[in-house]
Amino acid sequence: MTTADAPAEPPVDPYALDREGLEAYVAGLGEPGYRARQLHAWLVRGVDDPHAMTDLPKTLRARLAERFAPSRPELVAHSVADHGHTHKLLLRFSDGEAIETVLMLYPKRATVCISTQAGCALGCPFCATGQAGFRRQLTAGEVVRQVVVADAALRSGAIGGEDLPDGAPDHVTNVVYMGMGEPLANLAATLTSVNWLHDPEGFNLSARSITVSTVGLVPGIEQLTGLGLPLTLAVSLHAATDELRDQLVPINQTHPLAELEQAVRGYRAATNRRVSIEWCLIGDVNDDDRQADELGRIAVRWRSHVNVIPMNPTPGVKWREPTAERLKRFVSRVRERGAEVTVRDTRGRDADAACGQLLAAYTLDTGSRLPAAVAAADRVDALRRRPEATT
Ligand code: SAH
Ligand code: SF4
């Protein structure tokens, strides 16, 4: 450290502080409040190098440069699909942990799918991220920086040396917390990042254009409910009976369907927002008539829209998406129960662009095995072979 007032405290990632946090931080340096607003305005434009913050006095720039951690992630792999409309990024942080961020471009929308953890502890057997196990939590700053990277790409019209297609929006319009990890298992970082995204002087996204996807971590849903912010909440259901869900979504053993249903009702009542249901459809695993009928009933009770996502192949997992015939039959049975259903496109299938796949491909390339996937598939097969399992 070179200056007399050199900090003894560890370096700070400014994106790990929200607006109030920045105000407190700048006040702690003895600076007036408007400096925090100036700093904030740079940060939301993706500028985190204090030396480039030209409206701050030079002395403050130098003090901030000494205190801020160099946390900008490095782009270590980039795959492009859907004729340039899907960009999957593998971003590595300074400690070597890598996570995935996906930018999806639509005519008037630019959606970023962000990660909240390196890996995931919840071990859903069809999910590539789950197979790799839990590595560490991302900080709020690391969560926000994924949006910063995507926003900067949209502003400049290019990413990783690839031009974005003509007509792509020039800023991020939607954020989905559907990348690696379980957002509600890293709630503090998730909420700080939501503050950045939702702040009118930040990324200025409406709560509705921010979707948090959870596998059904009931205490986390209850905490979100307490905030009353009308975020879009998606519940990854994948099975409509406890018996099957215990296998496909192991957290169900701790928070079974009845408990999840109570939490969903509470969220809806507090925010006036419908909760959507995600259903990863796996051939001969959760695509039978009984699951379709039960799902239809649940969706009607929850007043939820169902998004069916045919399973993306995952390295080390033998399950696949269902046949077109079974997919059609499943969807019509759910509809017959009175539920609204959309079959979602599987963006980026040709670019390993589903959850956790780019990293899994990377891991397998280096010779690692994903044994959890094999064991879980065997358990579900045994369950399905029992006589009461239906077509
Ligand atoms: N942990 C959270 C958010 C991240 S996963 C959750 O599970 O909701 C985001 C979505 O991708 C989830 O709905 C998950 O079920 C789905 N997903 C995971 N692996 C998949 C695969 N192989 N094919 C299709 N969807 C998958
Ligand atoms: Fe974790 Fe979600 Fe993957 Fe399950 S589906 S292992 S909760 S990231």
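**Group meeting: helix α10 and the two ligands**

Okay, let's start with a small detail: right after α10, Arg 303 has a positive phi of about 55°. Keep in mind that this is a predicted model, and I'll come back to the ligands once we've been through this helix.

So, how long should α10 be? The helix covers residues 289–302, which makes 14 residues, and at 1.5 Å a residue that should give a span of 20 Å. The C-alpha atoms at its ends are 20 Å apart, so the expected span and the model agree.

Now look at the other end, the start of α10. There, a side-chain oxygen of Asp 288 comes within 3.1 Å of the backbone nitrogen of Arg 290.

Which residues of α10 are buried? They are Asp 289, Gln 291, Ala 292, Asp 293, Leu 295, Gly 296, Ile 298, Ala 299 and Trp 302. And what do they pack against? On the strand side we have β11 (232–236), β12 and β13 (305–310), and among the helices there's α8 (242–248), α9 (257–271) and α11 (324–336).

Let's zoom out for a second. The protein chain has 13 helices and 14 strands. Buried residues account for 55% of its 391 residues. And if you take contacts between residues at least 6 apart in sequence, 68% of them join residues at least 24 apart.

Right, on to ligand 1. It has 19 residues around it, and the ones that come nearest are Gly 181, Ser 213, Ser 236, His 238 and Asn 312. Sorted by class, that shell holds nine nonpolar, eight polar and two charged residues.

Let me point out a few atoms here. An N or O atom in the side chain of His 238 is 2.7 Å from an oxygen atom of ligand 1. Gly 181 uses its backbone instead: an N or O atom there lies 3.0 Å from a nitrogen of the ligand. Then there's Glu 182, with a polar side-chain atom 3.2 Å from a nitrogen atom of ligand 1. How much of this ligand does the protein bury? On its own, ligand 1 exposes 530 Å², and the protein buries 93% of that. The elements giving two or more residues to its shell are β10 (210–214) and β12 (276–281).

Last stop, ligand 2. Around it you'll find Cys 120, Leu 122, Gly 123, Cys 124, Cys 127, Gly 130, Gly 181 and Val 215. By class, five of those are nonpolar, three are polar and none is charged. Notice Gly 181 in that list, which we also met beside ligand 1.

Terms used
Residues are numbered from 1 along each chain as its sequence is written. Chains are lettered from A and ligands numbered from 1 in the order in which they are written. This is a predicted model: local features need pLDDT of at least 70, side-chain atom pairs count only at pLDDT 80 or more; totals for chains, interfaces and linings use all residues. Side-chain values use heavy atoms; hydrogens and water are left out. A residue is near a molecule or strand if one of its heavy atoms lies within 4 Å of it. A polar contact is a pair of N or O atoms within 3.5 Å; within protein, one must be able to donate a hydrogen and the other to accept it, and residues adjacent in sequence count only if both atoms are side-chain atoms. Accessible areas come from the Shrake-Rupley method with a 1.4 Å probe; for residues, only the protein chains shown count as cover. Helices (H or I, at least four residues) and strands (E, at least two) are DSSP runs, numbered from the N terminus. Ala, Val, Leu, Ile, Met, Phe, Trp, Tyr, Cys and Pro count as nonpolar, Asp, Glu, Lys and Arg as charged, and the others, Gly among them, as polar. The expected span of a helix is 1.5 Å times one less than its number of residues. Buried means under 20% relative accessible area, exposed over 50%, partly exposed in between (1.4 Å probe, protein chains only). Contact means heavy atoms within 4.5 Å.
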